Every structure is written in structure tokens, then in C-alpha cells.
Amino acid sequence: MKDEQAPQTPQNSERVTVLGGGSFGLAMASILGKKKYPVKILVRTQDAMDSINIHHRSSTYLKDVTLPDSVTATCDKEEALKDATLIIHAVPVQYSRKFLKEMAPYVPKDCPVICTSKGIETGTLCLMQDILREELGDSRDYAFLSGPSFAREIAVGLATAVVVASQSDTLTNRAAEIFGCENFRVFTSKDVIGVEIGGAVKNVIAIAAGMCEGLGLGTNAVAGLVTRGCLEMQTLARAVGASPSTLMGLSGVGDTFGTCFGPLSRNRNLGIRLGQGEKLEDILSSSTEVAEGYATALSLVEFLLTKMPRSFRMDLKFPILFGVAEVLKGERSPREGMKDLMLMPIR
Ligand SMILES: NC(=O)C1=CN([C@@H]2O[C@H](COP(=O)(O)OP(=O)(O)OC[C@H]3O[C@@H](n4cnc5c(N)ncnc54)[C@H](O)[C@@H]3O)[C@@H](O)[C@H]2O)C=CC1
Ligand SMILES: O=C(CO)COP(=O)(O)O
């Protein structure tokens, strides 16, 4: 197959380290491994390491997916990073700062980082671009990969299109070259803030879409809510300097549609279970995978209230984003939240 040929160019010397052995880290390793790049995944336990090195599969995530031979795992930070030429960050946002602080001494100077995590840090309200710069410094290049890209589909080789955004054209072009194959198409962008905001906000809209679904409200309701959610995403993105066209693309409406309507979404499933009446604590404690939208919904409301110009009532401008946070905080039920949306004053 074409995408299993070794690249012919200097990229042959590329050595990739994936930080995070969850579903998305494995998916990234899988694509690059199929292209014969040597990939090391930094995992947290001996069991996770042995499982990948001996059985070529994770014992916890995407357990049925076999990884290519060029993918190995280690628990040793120094071993993972010492000769890396490219780093892929796939650790959930809320754990990233502490994790990166521990990694910083081992990360090779100038080694670029491609970040795949989507969300806003609680407390600081930072996006990943801020967390990465604060923890790994300003001198290296960073890129942000986003779009409708479920890990399982990527790992089994289904066609996927993503966008990679960076201030550095060299890095976006390199990412497109390294990842690109017949099953994985990379588009490039310079709109880092737009790509990051889209990736963070769509998880919150997916929780709302799931709630509609769980309440049994039907297709009209879900489609209406997702459309209005995209408008809130676009309004917010424009206010922070993003280009509206980015939000019409893969990392905006593209990822929102995938996540709101796709059965694999953890965020949508969290919303479905809430809509069906389960308690948030029970859903979170029974989930082995992260739903970034939960923490991001709470951060977003704080972000809107503290960082946006106060020229209008934020809860009227962003009723879906505020409504999801209120349900997650237990201030109203999903059904009350939906009723409030329908009965909002006409402006
Ligand atoms: N799974 C997917 O389909 C996609 C995921 N993403 C993003 O990728 C990022 C990673 O998500 P997944 O791999 O899906 O998560 P996951 O839930 O599959 O795996 C979680 C990962 O985080 C690690 N982890 C857990 N607690 C930690 C801690 N305290 N410190 C350091 N690491 C810790 C686990 O060992 C594991 O590697 C998220 O931001 C997600 O939004 C992006 C696109 C698609
Ligand atoms: O970001 C994703 C797909 O693009 C994954 O969404 P979930 O985290 O909701 O599963």
C-alpha cells in the first residue's frame, strides 16, 4: 500500500515521541508507525509499556487495535525524549501543565511540538498554546492538530481530514508531509486561536446535543441546538481574534458535527446519560476515558464572564454554553435547561 512505503526524503531521520498512551496518542502512533517512522509512546505504567512492546496493543485503550512494529513504548521520560525530532502531545488538557512541568528538563531544545489536546484549563483559563509556552518555553515551534478525528476510526485506517495550525509554515508543512497518507489528509492554517477555540467549544456543544438526545427530543431539536451552538462558537472565536472562516472549517463546524452526531463521542455520551437522568458523579466515576467538555464548560463560562468585553449580557449571548455549565453544576436539570432555551426573550 502507498501509505506503508518508507518516505524517501530527509524525513526518514524523523524520530517521533508521543506523549500520552490514551486513545488519541495511540491513533497518532498508529498512522506514523504505518508510514514506518520510529515512534516511542511515553506511557505511565509498566503494564501499559509491556502490553505495547510485547503484544503491540494497549491493555487499556483501543484494546483491539494492533500497532505497527515501529511503535514502541517506554515509562522512562529521558529514554522517551532524548533523541526525539518531533513531539506529539496527547495528554488531556487538565493534566497537561503538571505533566509538561515534569517533562520539561528532558525535552530536547528546539524540538517542535504538535498538540492534539482540546480544551481550556480550569483556574487559569489557558488554552494549550499558553500551557505549552509557559511550561516548555517560547523558543520552539508549536502546532495544533484538530478536526473531526475520532481515535478509533484513525487507528483502524478510516479516512480522516484534520487541520494543523501554527505560526510556523515549516512546521505545518512538515506535519502535512509526515502524517499525510491516503487515509489521513492534513490541511494547514495559521489561525492557532481559531483552531483551538473550535476544538474546545465543540466538546461543550456535544454535551448539549447529547442531552437533547438523552431527553428524546428528536432530530429537529438536536439540529437546532447544534446550529445555535455553532453560532455561539463563532461569536466567541471572533471576539478573541480568530478568523470566522476557521470556524466554518474542520476544527469548527466539522468537528462539532462529528462530535454532536457521531456515536463514538465521549462528550456526546456524557450528555446522553445526563439527559437520561443519570447523576454526573456516577457518569464520571464510571468512565475510563476523558470527556474534556466537562471541565471546559466550566472554564468557558468563567472565561466569558471575566475576559470578554462586558457590553452585553453574556448569558443571553451564549445561552447554550451557559446552560451546559448550569446543568453540570447541578443548578438545573437538562429538561429545565432546554425549556429555558426555548423560552428565552426575543432580542
Ligand atoms: N479520543 C479521541 O477520539 C480524540 C481525542 N482528542 C484529544 O486528545 C486528548 C487526549 O485524549 P484521549 O487520548 O482520547 O484520552 P484517553 O481518555 O483515551 O486517555 C487519557 C490519557 O491521559 C493519561 N492520563 C490520565 N491521567 C493523567 C495524569 N494525571 N497525568 C498525565 N496523564 C494522564 C492516560 O494515561 C491516557 O494516556 C484530549 O484532549 C482529547 O480531547 C482529540 C481528537 C480525538
Ligand atoms: O475530538 C474528538 C473527535 O474529533 C473526540 O471527541 P470526544 O472527546 O467527545 O470523544
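At which residues does UniProt place the feature "binding site"? In the predicted model described here, this feature, which comes from an unreviewed entry, falls at Lys118, Arg266 and Asn267. These residues span 150 residues in sequence, yet no two of their C-alpha atoms are more than 13.0 Å apart, so they gather at one spot. Lys118 has its place in the loop between strand S5 (113-115) and H5, and it counts as buried because 29 C-beta neighbours lie inside 10 Å. When neighbours within four places in sequence are left aside, the contacts of Lys118 are Ser146, Gly199, Ala200, Asn203 and Glu292. Arg266, by comparison, is found in helix H12 and counts as buried with 22 C-beta neighbours inside 10 Å; leaving aside neighbours within four places in sequence, Arg266 is in contact with Glu289, Val290 and Ala291.

The UniProt annotation "binding site" (unreviewed entry) also covers a further group of positions, namely Gly20, Gly21, Gly22, Ser23, Phe24, Gly25, Ala151 and Arg266. Phe24 lies in helix H1, which comprises residues 23-34, and is counted as buried on the basis of 29 C-beta neighbours inside 10 Å. Apart from its neighbours within four places in sequence, Phe24 is in contact with Ala90, Thr116 and Ala151, and Ala151 is itself among the positions covered by this annotation.

The domain assignment of the chain gives domain 1 (2-190) and domain 2 (194-342), whose C-alpha centres lie 26 Å apart. The contact between them takes 25 residues from domain 1 and 27 residues from domain 2. On the side of domain 1 that touches domain 2, two or more residues are given by each of H4, helix H5 (128-136), strand S6 (142-146), strand S7 (160-165) and strand S8 (184-189), and S7 gives the most, with four residues. Sorted by class, this side of domain 1 has 14 nonpolar, eight polar and three charged residues.

Both ligands are placed with respect to these two domains. Around ligand 1 there are 24 residues, of which the closest are Gly22, Ser23, Phe24, Ser117 and Glu289; the elements that give two or more residues to this shell are H1 and helix H4 (93-103). By class, the shell around ligand 1 divides into eleven nonpolar, nine polar and four charged residues. Because domain 1 (2-190) and domain 2 (194-342) both give residues to this shell, ligand 1 lies between them. Gly22, Ser23 and Phe24, which are listed among the closest residues to ligand 1, are also included in the UniProt annotation "binding site" of the unreviewed entry.

Ligand 2 is surrounded by 14 residues, and those that come nearest are Ser149, Thr259, Ser265, Arg266 and Asn267. At least two residues of this shell are supplied by each of H8, helix H11 (250-261) and helix H12 (266-275), with the largest share, three residues, coming from H11. The shell around ligand 2 comprises four nonpolar, six polar and four charged residues. Domain 1 (2-190) and domain 2 (194-342) both contribute residues to this shell as well, so ligand 2 lies between them. Arg266 and Asn267, which are among the residues that come nearest to ligand 2, are likewise among the positions at which UniProt places the feature "binding site" (unreviewed entry).

The largest nonpolar core contains 107 residues, among which Val18, Val164, Ile205, Ala208, Leu321 and Val324 touch the most other members. Helix H8 (residues 192-214) provides the largest share of this core, 13 residues, and the core draws at least three residues from each of domain 1 (2-190) and domain 2 (194-342). Leu321 touches Val204, Glu232, Leu300, Val301 and Leu304, not counting residues up to four places away in sequence. Val201 lies in helix H8 and is buried, with 31 other C-beta atoms within 10 Å. Leaving aside neighbours within four places in sequence, Val201 is in contact with Met233, Leu236 and Leu300; Leu300 is also one of the residues that Leu321 touches. Finally, the C-alpha atoms of Val201 and Arg268, which are 67 residues apart along the chain, are separated by 13 Å.

Definitions and conventions
Residues are numbered from 1 along each chain as its sequence is written. Chains are lettered from A and ligands numbered from 1 in the order in which they are written. This is a predicted model: local features need pLDDT of at least 70, side-chain atom pairs count only at pLDDT 80 or more; totals for chains, interfaces and linings use all residues. A nonpolar core is a set of buried Ala, Val, Leu, Ile, Met, Phe, Trp, Tyr and Cys residues joined through C-beta atoms within 7 Å. A residue is buried if 20 or more other C-beta atoms lie within 10 Å of its own, exposed if 12 or fewer, and partly exposed in between; C-beta atoms are placed from the backbone. Domain bounds come from an automatic or database domain assignment. Two residues are in contact if their C-beta atoms, placed from the backbone, lie within 7 Å. A residue is near a molecule or strand if its C-beta atom, placed from the backbone, lies within 6 Å of it. Ala, Val, Leu, Ile, Met, Phe, Trp, Tyr, Cys and Pro count as nonpolar, Asp, Glu, Lys and Arg as charged, and the others, Gly among them, as polar. UniProt positions are given in the numbering used here, feature names are shortened, and annotations may be inferred rather than shown by experiment.
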